[in-house]
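Please load the model in your viewer and keep a selection panel at hand. The stops below go from a single side chain to the aromatic pairs and then to the whole fold.

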Amino acid sequence: MTDTPPDLVIYGSPVSPFVRKVAAVCIEKDVPFEIDAVDVFNPPEWFRAISPLKRIPVLRDRSIAAEGVDGTIADSSAICAYIERKVPGPAIYPAEAYPYGRALFIEEYADSHLAATGGLGIFRPAFFAVTQGKEPDLETMQGSWTGKMPSILSYLDSALGDGDFYVGDGVTIADITVTTCLMQIMLVADVDLSAWPALAAHQVRMRERPSIDRPYAQAERFIRKAMPERIKLG
């Protein structure tokens, strides 16, 4: 007797914060899933057909179609919204209009601004350089951390206010996205968040959740093979 594969397949790699974001939503909802590795820099033809932007992740829902374009959704935000509709509880999107809009904005801010600044300015100059046999670009990394990241971190710190989470009293898509994108930096860099105490405390709370810890641990194991030590930034 063989186990039935889960309906949901995430194409990509846990090294991607956007793949970890989708995985976190599945874990929070106790939805079975599997990750099917795809090299986004040299994707197979079948992946090109289901990813118009040539990016990861792409979700396949096998309950709709096991192959081809049908049953696939590209983009982490679209995927997470789909999973919320497919499995409504526990909800990771607020029910009321304003909190819902607020959570979507924080998600977008993290997906676009935080992820781009930290990814292009810190993660890639470290990890991509090492995998190409080069030394990490410390000047770019340090310049990004001290010159570009403070305003982003200050906003994310202030947006928490006096609460434990960004919207309401529980975890939403906003908390998941901020955490997975910020932890992308922490895969390659040792950074101090003490200047942003609310954000630092939020990271600690979130990292205790299996939905964050499990996918991050997979990414960590992969990164440490190429980079045994993180680079200290300050």
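**First stop: E107**

Select E107 and K21 together: their side chains make a polar contact at 2.8 Å, where a polar contact is a pair of N or O atoms within 3.5 Å, one of which, within protein, must be able to donate a hydrogen and the other to accept it, and residues adjacent in sequence count only if both atoms are side-chain atoms. This is a predicted model, in which local features need pLDDT of at least 70 and side-chain atom pairs count only at pLDDT 80 or more, while totals for chains, interfaces and linings use all residues. Residues are numbered from 1 along each chain as its sequence is written, and side-chain values use heavy atoms, with hydrogens and water left out.

E107 is found in helix α4; helices (H or I, at least four residues) and strands (E, at least two) are DSSP runs, numbered from the N terminus. At 5% relative accessibility, E107 is buried, a class that means under 20% relative accessible area, with exposed over 50% and partly exposed in between (1.4 Å probe, protein chains only). Extend the selection to what E107 touches, leaving aside residues up to four places away in sequence, and you have K21, S77, Y93, I173, A174 and T177, a contact being heavy atoms within 4.5 Å.

**Second stop: E67**

Go next to E67, which is placed in the loop between β3 (58–61) and β4 (72–74). Is E67 buried or exposed? With a relative accessible area of 67%, E67 is exposed. A distance label from E67 to V171, drawn C-alpha to C-alpha, should read 33 Å, for two residues that are 104 apart in sequence.

**Third stop: the aromatic rings**

Colour Phe, Tyr and Trp: a search of the whole structure finds 12 aromatic pairs, where rings (for Trp, its six-membered ring) pair if their centres lie within 6.5 Å, planes under 30 degrees apart counting as stacked, over 60 as edge-to-face and the rest as tilted. One of these is the edge-to-face pair of F41 and F128, 5.5 Å centre to centre with 80° between the planes. This pair links distant parts of the chain, 87 residues apart, since F41 is in the loop between β2 (33–37) and α2 (45–50) and F128 is in helix α4 (residues 97–131). F41 is exposed at 59% relative accessibility, whereas F128, at 21%, is partly exposed.

Move on to W145 and W196, whose ring centres are 6.1 Å apart and whose planes stand at 80°, so this pair too is edge-to-face. W145 lies in helix α5 (residues 138–147) and W196 in the loop between β5 (189–190) and α8 (197–207), so the pair ties together parts that are 51 residues apart in sequence. W145 is buried, with a relative accessible area of 5%, and W196 is buried as well, with 11%.

Return to F41 and add F123, F127, F128 and F222 to display one aromatic cluster. Then select R207 and Y216: the charged end of R207 sits over the ring of Y216, 5.0 Å from its centre, the criterion being NZ of Lys or CZ of Arg within 6 Å of the ring centre and within 35 degrees of the ring normal.

**Last stop: the whole chain**

Zoom out to a cartoon view, where the protein has nine helices and six strands. The C-alpha atoms fill a box of roughly 50 × 45 × 35 Å, taken along the principal axes. Buried residues make up 48% of the 234 residues.
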